[in-house]
Amino acid sequence: MSTRRVIAVSDSHGMEGRLRDTLLAAYRRGAVDVAVFLGDGLSEWETVSAELRRERPHTVWHAVRGNNDWGRDAPKALCFSVNGVTFYACHGHEWQVKHGSYRVEAAAREQGARVALFGHTHCSCLEPDAAVTLVNPGAVCDFSAHRPLYAEILVDDDGRVR
């Protein structure tokens, strides 16, 4: 094992080109072991991730559905493990994240997760906690940031999360 790199993106809202550019920017910085989409743009995620899967077959791809992903077949939340660290991923709307992160944190704790990834607010945040680190990458569709918006989480082989 070695350090694994997790990339999280969210809320592309129809901006397929921007989503592609964001993921390619993450790949330019190094290999991506796990890529996670946190909802509201599953149709473009399906297209872009299918393209990138062919070129980068070592990446593990995950996605959850958001409140604007009508008719898409993806879970509303999921857990996955990287170097022994459990991640909890959701869009966040059903956890009312616009009113605080405590519900998402509680759901992550219930699943034994050390990292909770969520979107929906379109605002990036990092809230390290002794038990659960909360990460929102912001919105891919946010052009005011003047940079690609994604979160990068490194998980060392000893379970340290950075």
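The exercises below walk through a predicted model, each with a worked solution.

Residues are numbered from 1 along each chain as its sequence is written. Local features need pLDDT of at least 70, side-chain atom pairs count only at pLDDT 80 or more, totals for chains, interfaces and linings use all residues, and side-chain values use heavy atoms, without hydrogens and water.

**Exercise 1. Take stock of the chain: how many helices and strands does it have, and in what order do they run?**

Step 1. Count the elements. There are three helices and nine strands. Helices (H or I, at least four residues) and strands (E, at least two) are DSSP runs, numbered from the N terminus.

Step 2. Read them from the N terminus: β-α-β-α-β-β-β-α-β-β-β-β.

Step 3. Check the compactness. The radius of gyration is 14 Å, close to the 15 Å that the globule rule gives for 162 residues, so the chain is as compact as a globular protein of that length. The radius is taken over C-alpha atoms, and the rule is 2.2 Å times the number of residues to the power 0.38.

**Exercise 2. Place strand 1: which strands does it pair with, and in which sense?**

Step 1. Find the antiparallel partner. Strand 1 is joined to strand 9 (residues 151–155) by five bridges. Here V6 faces I153. Two strands pair if DSSP finds at least two bridges between them.

Step 2. Find the parallel partner. Four bridges link strand 1 to strand 2. V9 stands opposite F37 there.

Step 3. Follow the chain from strand 1 through helix 1 to strand 2. This β-α-β crossover is right-handed: with the strands pointing away from the viewer, the path from the first strand over the helix to the second runs clockwise.

Step 4. Check burial. Five of the six residues of strand 1 are buried, so the strand is largely enclosed by the rest of the structure. Buried means under 20% relative accessible area, exposed over 50%, partly exposed in between (1.4 Å probe, protein chains only).

**Exercise 3. Describe the open sheet: what is its strand order, and which strands stand at its edges?**

Step 1. Write the order. The five strands run 4-5-6-8-7, with mixed pairing.

Step 2. Look at the ends. Strand 4 (77–82) and strand 7 (125–127) each have a single partner strand, so one side of each lacks a neighbour in the sheet.

Step 3. Inspect one pair. Strand 7 and strand 8 (residues 133–136) are antiparallel over three bridges. C125 lies opposite N136.
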